[in-house]
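Please open the model in a viewer with side chains displayed. The tour below proceeds by selection, from aromatic rings to charged pairs.

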Amino acid sequence: MNGPWIWGARVDVAVFGGSAALALVLAALAPALSDEGALPLWGWITFVLAVDVAHVHTTFFRTYFDREELGKRRALYVATPLACWAAGALLHATSERLFWRVLAYVAVLHFVRQQAGWVAIYRARAGERSRLGRMLDDATIYASTCFPLLYWHAHLPRAFRWFVEDDFVTSPWLRALVVPAGVVWAGLLVAYAARAVLVWRRGGPRNPGKHLVVATTAITWFSGIVATNSDFQFTVTNVLVHGIPYMALLWAYTRERAREAPAGLVARIAAGGVLAFAAAALALAFAEEALWDRLVWHDRPSLFGGMREAPLLGPSARALVVPLLALPQATHYVLDAVLWRRKDTGPAQARALGFRGAPEPAA
């Protein structure tokens, strides 16, 4: 029988609760850690490079680093980046703003759906079958993410952005929706809490992991987007609660997959422990950001070399190169929506998510 936790109470609380607590502490310390809310270079390295960008590259351990997995779904792993690049190049050639706008909204959907995915996993682990409970879970997690997003759209410009300036659209009538949406969000949180207490008192399945995800999502999204208005505070509350749990999942998968295929690249990296796993992801993240900076942004010459005055690529070149550089992110968004919901992905994934009864690898 599956327990209420994915990796165990201590690990789950550390991953979900700890990442949220760290984000909130850093957000509270923002006046001392940042200059007028700006994200300093050390913050960019720590939170953006080492967590946000690196977590994207941990997807490779589930896909392109695994020769057997690559062979099973070669069409998916070849077609996805090709389709993402072609779509990106077409969008960028039409309008650079359109490219970043579409990518931003796909990223937002990915961030929202990940939180809903964690809730669904905990619900499955606890054996919850109530249709009403599922509807309330989904409504609460979507309200906890979409209400702050609505507030953001209704109060542009903010001191932070998703990718680039003006990648979100706005309209004056959106402000009229903020208060009603806030009331709905608050009401759903109350209803969710009331139902959790009722289920507990009636002896139903206790699901502390699910409640932890719902609570930390509501707190961090509201704190980073609505209650505060700085790039530093948004970054820590947005990135840490998204990237750290995902990397924990991929590390759990990597260890399980290494047991099944001890001769593969995944196993060789896993043999070096979590530090080797993190170092591989960080190296890929650094290489990606170095290419972005040298070819497109020229923002951080002290870190990546080059000069701020270096000429940017021309429009035609940018339409080809920018979507190419964005491929790790775009491919991550697409594959993440496919792989973790499949029922035929093998025992390593089931064990990585803590589901008992998954077959053990052959000796």
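Select Trp251 in this predicted model. Trp251 has a relative accessible area of 15% and is therefore buried, since buried means under 20%. Add Phe277, which is also buried, at 3%. Of the aromatic pairs in the structure, 32 in total, one is formed by these two residues: the ring centres of Trp251 and Phe277 are 5.4 Å apart, with 50 degrees between the planes, a tilted arrangement. The pair connects distant parts of the chain, as Trp251 belongs to helix 10 (residues 231–260) and Phe277 to helix 12 (residues 273–297), 26 residues apart.

Next, extend the selection to Phe60, Phe61, Tyr64, Phe65 and Tyr77. Together with Trp251 and Phe277, these residues make up one aromatic cluster.

Remain on helix 12 and select Phe286, then Phe304 in helix 13 (residues 301–304). Their ring centres lie 5.1 Å apart and their planes meet at 50 degrees, so this pair is likewise described as tilted. Because the two residues sit in separate helices, the pair ties together parts that are 18 residues apart in sequence. Is each partner buried or partly exposed? Phe286 is partly exposed, at 34% relative accessibility, while Phe304 is buried, at 9%.

Two arginines placed over rings come next. Select Arg300 and Trp44: Arg300 lies over the face of Trp44, at 3.9 Å from the ring centre. Then select Arg125 and Phe355, where Arg125 lies over the ring face at 5.3 Å from the centre.

Turn now to helix 6 (residues 96–126) and select Leu98. Leu98 is partly exposed, with 32% relative accessibility. Adding Val102 and Val106 completes a nonpolar surface patch of about 180 Å².

The last part of the tour concerns charged side chains. Side chains of opposite charge can pair when their charged atoms come close. The structure has 16 salt bridges.

Select Glu69 and Arg62, which form a salt bridge whose closest N and O atoms are 3.4 Å apart. Where do these partners stand in accessibility, buried or exposed? Glu69 is buried, at 5% relative accessibility, and Arg62 is buried, at 0%.

Return to helix 6 for Arg97, and select Asp166 in the loop between helix 7 (131–154) and helix 8 (175–201). Their side chains meet in a salt bridge, with an N to O distance of 3.6 Å. Given these locations, the bridge ties together parts that are 69 residues apart in sequence. Asp166 is partly exposed at 45% relative accessibility, and Arg97 is partly exposed at 48%.

Finally, select Arg351 and Glu260, whose side chains form a salt bridge at 3.4 Å, N to O. Arg351 lies in helix 16 (residues 347–352) and Glu260 in helix 10, so the contact ties together parts that are 91 residues apart in sequence. Arg351 is buried, with a relative accessible area of 12%, whereas Glu260 is partly exposed, at 24%. To see the wider setting of this pair, add Asp66, Glu68, Lys72, Glu256, Arg257 and Arg259. With Arg351 and Glu260, these residues are linked in a network of salt bridges.

Conventions:
Residues numbered from 1 in each chain as written. Predicted model: local features only at pLDDT ≥ 70, side-chain atom pairs only at ≥ 80, totals over all residues. Heavy atoms only, no water. Phe/Tyr/Trp six-rings, centres within 6.5 Å; stacked < 30°, edge-to-face > 60°. Helix = DSSP H or I, 4+ residues; strand = E, 2+ residues; numbered from the N terminus. Buried < 20%, exposed > 50% of the residue type's maximum accessible area, 1.4 Å probe, protein only. Lys NZ or Arg CZ within 6 Å of the ring centre and 35° of its normal. Patch = residues over 30% accessible without salt bridge, like charges linked within 9 Å, V, L, I, M, F, W, Y side chains within 5 Å. Areas by Shrake-Rupley, 256 points an atom, 1.4 Å probe, with all protein chains shown as cover. Salt bridge = Lys/Arg side-chain N within 4 Å of Asp/Glu carboxyl O.
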